[in-house]
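Please read the following briefing alongside the sequence and the model. It takes up charged pairs, strands, the nonpolar core and a few local features in turn.

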Amino acid sequence: SINQLGTNVVTALTRLTVSAASIEGTFPHQVVWRVSAALSGATTELQPALPIGWTGNWQWFTFLTRTVASGVSAIVDVNKNGTSVFSAVGRPKIAAGGTFVSTASIATKAFNAGDKFTLDYDGQGGNILDVLVTGYFTQ
């Protein structure tokens, strides 16, 4: 069940040059999805599709909940144009009693400008309250 939908936020920090410390480099972009809802039971879409305006490659994803996953593992899936970016057996799971998971095991890393990304909840019987998903990509 979804009580309330959150908002999509896109942040783009791509380069930081600090002359005093002689640090220079390129940082990955971040895409952040925030879902404010009690999630219990599979859903097909947690938020409207988010089109990405750049071509790039996913590097890793993090998933953070406000409450521990009750019951069994909770899976929040990231989909590109309707298809999961993870393999069927490699989807990240927030373990029962946990609040966080991070993964760089992404089956479909590449995407093009205009590809649309959505989240869905594949609960497996677990319940969570709110979720923050951050995807990191490079161009």
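A salt bridge here is a side-chain nitrogen of Lys or Arg within 4 Å of a carboxyl oxygen of Asp or Glu, and by this rule the count comes to four salt bridges. This is a predicted model, in which local features need pLDDT of at least 70 and side-chain atom pairs count only at pLDDT 80 or more, while totals for chains, interfaces and linings use all residues. Residues are numbered from 1 along each chain as its sequence is written, and side-chain values use heavy atoms, with hydrogens and water left out.

**Salt bridges**

- Asp 77 and Arg 91 meet through their side chains in a salt bridge of 3.9 Å, N to O; Asp 77 lies in strand E7 and Arg 91 in the loop between E8 and E9, so this pair ties together parts that are 14 residues apart in sequence. (Strands, E, are DSSP runs of at least two residues, and helices, H or I, of at least four, numbered from the N terminus.)
- Arg 91 also forms a salt bridge with Asp 122, the closest N and O atoms being 2.4 Å apart, and because Asp 122 lies in the loop between E11 and E12, the pair ties together parts that are 31 residues apart in sequence.
- Salt bridges that share partners thus join Asp 77, Arg 91 and Asp 122 into one network.
- Within this network, Asp 77 counts as buried at 4% relative accessibility and Asp 122 is buried at 18%, whereas Arg 91 is partly exposed at 23%. (Buried means under 20% relative accessible area, exposed over 50%, and partly exposed in between, with a 1.4 Å probe and protein chains only.)
- Lys 80 forms a salt bridge with Asp 115, with the closest N and O atoms 3.9 Å apart, and Asp 115 is buried, with a relative accessible area of 11%.

**Strand pairing**

- An open sheet of four strands runs in the order E5-E11-E7-E8 with antiparallel pairing, and its edge strands, E5 (50-51) and E8 (83-84), each pair on one side only. (Two strands pair if DSSP finds at least two bridges between them.)
- E5 and E11 (residues 116-121) pair in the antiparallel sense over two bridges, with Pro 51 standing opposite Lys 116 in E11.
- E6 and E9 pair in the antiparallel sense over four bridges, and Phe 61 stands opposite Thr 103 in E9.
- Side chains alternate along E9: Val 101 and Thr 103 point to one face and are buried, while Phe 100 and Ser 102 point to the other and are not.

**Nonpolar core**

- The largest nonpolar core has 28 residues, and those touching the most other members are Trp 33, Trp 58, Phe 61, Phe 63, Val 76, Val 78 and Val 133. (A nonpolar core is a set of buried Ala, Val, Leu, Ile, Met, Phe, Trp, Tyr and Cys residues joined through side-chain atoms within 4.5 Å.)
- E4, E6 (56-65), E7, E11 and E12 each supply at least two residues of this core, and the largest share, five residues, comes from E4.

**Local features**

- Asn 81, in the loop between E7 (76-80) and E8, has a positive phi near 50° although this residue is not glycine.
- Asp 130, in strand E12 (residues 127-138), likewise has a positive phi, near 65°, in a residue other than glycine, and counts as buried at 16% relative accessibility.
- Ala 42 is exposed, with a relative accessible area of 66%, and its C-alpha atom is separated by 7.6 Å from that of Asp 120, 78 residues apart along the chain.
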